[in-house]
Amino acid sequence: MLVFYPQLEFVVPHYSARIYVTLRPSVLDPAGTAVQSGLAHMGYDNVDQVRIGKYIELTLQADTEAAATQQLDRMCDQLLANPVIENYRFELQTLATA
Amino acid sequence: MKFGVIVFPGANCDRDVAYVTRDLLQQPTRMVWHEDSDLDDIDVVVVPGGFSYGDYLRCGAIARFSPAMQATVAHANQGKPVLGICNGFQILTEVGLLPGALMRNRDMRFICDRVPLRVEHTDRPWTQGYDPHQIITLPIAHGEGCYYADDATLADLEAHDQIVFRYCGLDGSVDQSQNPNGSLHNIAGICNRQGNVLGLMPHPERAADALVGGTDGLPMFQGLLKTLAVA
C-alpha cells in the first residue's frame with residue numbers, strides 16, 4: 001500500500017544584496033582624478049571629489065536577515081573589498097519566495 | 001634546494017622562473033598546480049607574475065583562496081622562503097603575508113620598462129648576493145604596481161628594515177621623479193618582519209640570462225641558495 005505524505009516545505013528566505021565598495025578617503029584615486037578632468041573638459045568645472053568604486057549585486061539564501069548580514073560582512077571583509085584600501089556597505093532586501 | 005612554482009590559470013611568468021631555478025641554477029623545480037595543496041617536498045615557494053584568475057575583482061584577490069596559496073601561507077609560517085613577483089607580490093598582500101596593497105599606477109598606464117632599483121638591505125636571505133645600496137636594473141611590467149599602506153604601516157616597515165628595494169635614479173637618488181608608478185616611499189619590494197617572505201613588482205627572473213638583457217636579477221636567487229646552504 002502506498003502512503004502519500006504531505007510534502008514538507010522548508011522555505012529558506014531569499015535575499016538580494018546591493019554591495020557598494022568605495023576607496024577609503026585616505027587613498028588617492030587616479031581614475032577618479034582622470035574622470036574629473038574629463039568632466040572639466042565638458043564644462044563641468046564645478047565638479048570635485050570624483051571617486052570611483054565598485055557595485056556588486058548578488059542574491060543569497062539564509063535563515064534570517066541577521067545571518068545574511070553576518071555572511072555578507074565576511075564576504076566583504078575577505079574577498080569583495082580589501083579593507084587595506086576600501087570601505088564597503090550593503091543594502092539587503094527580502095525577495096518574495098516563488 | 002627544491003623550488004616550487006605555483007601555476008595559476010593566467011600565470012605567465014611561471015616558466016621564466018623555472019628556467020632560472022632549473023636550467024640556470026640546476027636546482028630541482030616542481031610546477032605546483034593551483035589546486036595542489038601539498039608543498040611538503042618544497043624548500044622555496046615562488047608565486048610568479050601574470051594575471052591569476054584574470055585578475056578579476058582585484059589583482060590577486062581570487063588567487064589567495066586557492067589550495068596552493070593556503071599551503072603557501074603554512075609554508076611561510078614555518079619560516080621557509082616565499083618569493084612573490086609582480087602578480088605574486090599582489091597575491092602575497094591579498095593573502096596577508098605582506099602588509100599593504102598594490103593599486104592602479106599613478107598615471108593610469110600599464111608600464112613596461114627597465115628601471116633602476118636601490119637594494120636597501122643586504123642582510124636578508126634574498127639580498128645577500130648584492131652589495132649594500134647597490135643600484136640594479138630590473139624589468140617592470142604592471143598596471144597595478146603602486147604600493148599603498150597607511151602611515152603606521154609605512155613607519156613600521158621603515159623601522160624594521162622591511163623595505164628591500166626602492167625605485168631610484170641611476171645615481172641612487174630616491175625621489176618622486178624616479179618613481180614610475182606612484183608607490184609610497186618609492187617601494188618596489190618589501191619583506192615580512194622575519195625576512196623569509198619577499199614580494200616585489202620588478203621581475204628578477206626576466207633579468208637572469210645575459211642573452212635576454214641583463215643579469216641583475218640572478219644574485220637574488222644565488223644569494224638565497226647561499227643563505228640556505230649555510231643554514
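## Exercises on the sheet of chain B

Strands β4(B) and β11(B) (residues 197–200) run parallel and are joined by 4 bridges. The model is predicted: local features need pLDDT of at least 70, side-chain atom pairs count only at pLDDT 80 or more, and totals for chains, interfaces and linings use all residues. Residues are numbered from 1 along each chain as its sequence is written, while chains are lettered from A and ligands numbered from 1 in the order in which they are written.

**Exercise 1.** Determine the neighbours of β4(B) and the environment of its residues.

*Solution.*
1. Helices (H or I, at least four residues) and strands (E, at least two) are DSSP runs numbered from the N terminus, and two strands pair if DSSP finds at least two bridges between them.
2. On the β11(B) side, Ile85(B) stands opposite Leu200(B).
3. Strand β3(B) (residues 44–47) also pairs with β4(B), in the parallel sense, over 3 bridges; here Val46(B) faces Leu83(B).
4. Side chains in a regular strand alternate between the two faces of the sheet. In β4(B) (residues 82–85), Val82(B) and Gly84(B) lie on one side, Leu83(B) and Ile85(B) on the other, and all are buried, that is, with 20 or more other C-beta atoms, placed from the backbone, within 10 Å of their own.

**Exercise 2.** Describe the connection that includes β3(B) and β4(B).

*Solution.*
1. Helix α2(B) (residues 67–77) forms a β-α-β unit with these two strands.
2. The unit is right-handed: with the strands pointing away from the viewer, the path from the first strand over the helix to the second runs clockwise.

**Exercise 3.** Give the strand order of the open sheet and identify its edges.

*Solution.*
1. In chain B, 9 strands follow the order β2-β1-β3-β4-β11-β10-β9-β6-β7, with mixed pairing.
2. Because β2 (29–33) and β7 (135–142) of chain B each have a single partner strand, one side of each is left without a neighbour in the sheet.
3. An antiparallel example is β6(B) (residues 111–119) with β9(B) (residues 163–167), joined by 3 bridges; Val119(B) has Phe165(B) as its bridge partner.

**Exercise 4.** Assess the overall form of chain B.

*Solution.*
1. The chain holds 5 helices and 11 strands.
2. Its radius of gyration is 16 Å, which agrees with the value near 17 Å for a compact globule of 231 residues; the radius is taken over C-alpha atoms, and the globule rule is 2.2 Å times the number of residues to the power 0.38.
3. Of the 231 residues, 53% count as buried.

Notes:
Buried ≥ 20, exposed ≤ 12 C-beta atoms within 10 Å, placed from the backbone.
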